[in-house]
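Here is a short briefing for the bench. Look over the sequence and the fold before reading on.

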Amino acid sequence: MEPAEEQDARNHTLLTEFVLSGLSSHPELQHLLFFTICLVYTTTLIGNLLICMVTVHPTLHTPMYFFLRVLSFLDISTASVVVPKMLVTFVSEDRSISYRGCVTQLYCVVFLASTEWYLLAAMAYDRYVAICSPLRYAAIMNRRLCLSLVLLCCCSGSVVSVVQTAWVFTLSFCEPRKIDYFFCDIPPLIVLSCTDTSLYEKQIVSATALVIFTPFCLILLSYVCIISSILKISSAESRHKTFSTCSSHLTVVTLYCASGTLIYLQPKSSNSQGAKKILALIYTTVIPTLNPLIYSLRNKEVKEVLIRMV
């Protein structure tokens with residue numbers, strides 16, 4: 001039996017920092033991964049900043065581009081919360097992250113991801129009003145409603161993040177305090193816990209349903225109505241043009257839904273930890289890079305304004 005003082009000291013040490021394993025344990029890949037991720041991160045920043053600049057143009061002062069600008073800001077924030085620390089793990093032997101740093105990172109990741117999901121639902125509602133009620137679109141989607149929807153998305157994301165972060169860090173974490181991941185996230189922290197997490201695993205599945213499937217169902221319902229309205233359009237060219245305004249949004253929703261559900265539906269599945277790292281990399285790094293390409297390459301108005309700016 002260890003003396004009580006030694007146990008207390010060890011527990012205190014346990015809760016002061018964690019160690020991140022990083023994206024890969026192969027030393028020969030570290031520098032290659034560093035430059036690759038650095039390039040992707042730079043592309044994310046440039047692409048999303050361009051979207052933010054382009055959508056301020058007077059010809060793009062519509063709710064759709066306002067939501068797109070907010071989405072780009074969230075993408076920059078998500079990548080900036082995860083990538084810099086990941087780059088450090090590639091080139092430094094010190095891969096530790098403080099307890100407070102881990103709490104902050106988890107809170108930010110959950111907040112940004114949840115807010116982004118709710119924002120995607122708001123963007124679907126915007127497309128629904130634009131296509132199904134075009135004559136009332138300007139009256140319904142006014143500036144006040146757009147700002148209220150963004151504020152509601154942020155508040156909802158904050159509530160989800162506070163609850164999830166507080167719940168995770170009520171768990172007891174055992175030695176070794178090494179997180180088999182490249183940032184602090186819910187699944188690797190649950191695996192690290194030495195207490196019974198069965199109740200929490202059920203709770204995280206419920207939270208996943210709330211954060212991902214509820215907005216997804218609303219998006220799906222919106223697009224059922226949208227497609228129904230599109231099919232009533234007599235001109236094939238008009239149908240194609242109308243649907244093309246929604247295809248970019250559907251592509252982003254599909255990417256987020258596929259990666260998010262696979263990561264969080266089985267939070268303590270340690271056998272698939274390597275696959276979860278890849279999915280998390282896609283979710284936090286690759287998708288924020290693709291969003292500007294998806295929205296700019298498939299949007300004639302954005303391309304025209306971008307060309308004039310350049």
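The points below cover cysteines, cavities, one helix, aromatic rings and a few single residues.

This is a predicted model. The structure holds one disulfide and three cavities of 30 Å³ or more. A search of the whole structure also finds 13 aromatic pairs.

**The disulfide**

- Cys102 and Cys184 form a disulfide, with sulfur atoms 2.0 Å apart.
- The torsion about their S-S bond is about -120°, so the disulfide is left-handed.
- Cys102 sits in helix 4, while Cys184 sits in the loop between strand 3 (178-179) and helix 7 (186-192). The pair therefore ties together parts that are 82 residues apart in sequence.
- Cys102 and Cys184 are both buried.

**Other cysteines**

- What keeps Cys52 from a bond with the closest cysteine sulfur? That sulfur, in Cys154, is 14 Å from the sulfur of Cys52, which is too far for a bond.
- Cys52 counts as buried, because its relative accessibility is 18% and the cut-off for buried is under 20%.
- Cys155 also has its closest cysteine sulfur in Cys154. The distance is 6.9 Å, too far for a bond, because a disulfide needs sulfur atoms within 2.5 Å.
- Cys155 counts as partly exposed, at 42% relative accessibility.
- Cys108 is placed in helix 4. At 23% relative accessibility, Cys108 counts as partly exposed.
- Cys108 and Cys174 are 66 residues apart in sequence. Their C-alpha atoms are 24 Å apart in space.

**The largest cavity**

- The largest cavity contains about 190 Å³ of space.
- Its lining has 15 residues. Closest to the centre are Val110, Ser114, Val211, Ile212 and Tyr264.
- Which helices each supply at least two residues of the lining? They are helix 4 (99-132), helix 6 (143-168), helix 8 (198-231) and helix 9 (236-264).
- Helix 8 gives the most to this lining, with five residues.
- By residue class, the lining divides into 11 nonpolar, four polar and no charged.

**Helix 4**

- Helix 4 has 34 residues and should span 50 Å at 1.5 Å a residue. Its end C-alpha atoms are 50 Å apart, which agrees.
- Of the 34 residues of helix 4, 24 are buried, so this helix is largely enclosed by the rest of the structure.
- Helix 4 also carries Cys102 of the disulfide and is among the helices that supply at least two residues to the lining of the largest cavity.

**Aromatic rings**

- A pair of aromatic rings is described by the distance of the centres and the angle of the planes.
- The search of the whole structure gives 13 such pairs. One of them joins Phe66 and Phe67, with ring centres 5.7 Å apart and planes at 55°, so the pair is tilted.
- Phe66 and Phe67 are both buried.
- Tyr181 and Phe183 form another aromatic pair, also tilted. The rings are 5.3 Å centre to centre, with 50° between the planes.
- Tyr181 is buried, with a relative accessible area of 0%. Phe183 counts as buried too, at 1% relative accessibility.
- One aromatic cluster is formed by Phe18, Tyr99, Phe169 and Phe173.

**Contrasting sites in helices 3 and 8**

- Met86 lies in helix 3 (residues 63-91). Is Met86 buried or exposed? At 0% relative accessibility, Met86 counts as buried.
- Met86 and Ile37 are 49 residues apart in sequence. In space they are 8.8 Å apart, C-alpha to C-alpha.
- Ile227 lies in helix 8. Ile227 counts as partly exposed, at 38% relative accessibility.
- Ile227 and Tyr128 are 99 residues apart along the chain. Their C-alpha atoms are separated by 9.5 Å.

Key. Residues numbered from 1 in each chain as written. Predicted model: local features only at pLDDT ≥ 70, side-chain atom pairs only at ≥ 80, totals over all residues. Heavy atoms only, no water. 1 Å grid on protein atoms, 1.4 Å probe; cavity = no way out; pocket = protein on both sides within 12 Å on 5 of 7 lines; lining within 4 Å. Points joined across faces, edges and corners; volume = space filled by probe spheres on them. Helix = DSSP H or I, 4+ residues; strand = E, 2+ residues; numbered from the N terminus. Nonpolar A, V, L, I, M, F, W, Y, C, P; charged D, E, K, R; others polar. Buried < 20%, exposed > 50% of the residue type's maximum accessible area, 1.4 Å probe, protein only. Expected span 1.5 Å × (residues − 1). Phe/Tyr/Trp six-rings, centres within 6.5 Å; stacked < 30°, edge-to-face > 60°.
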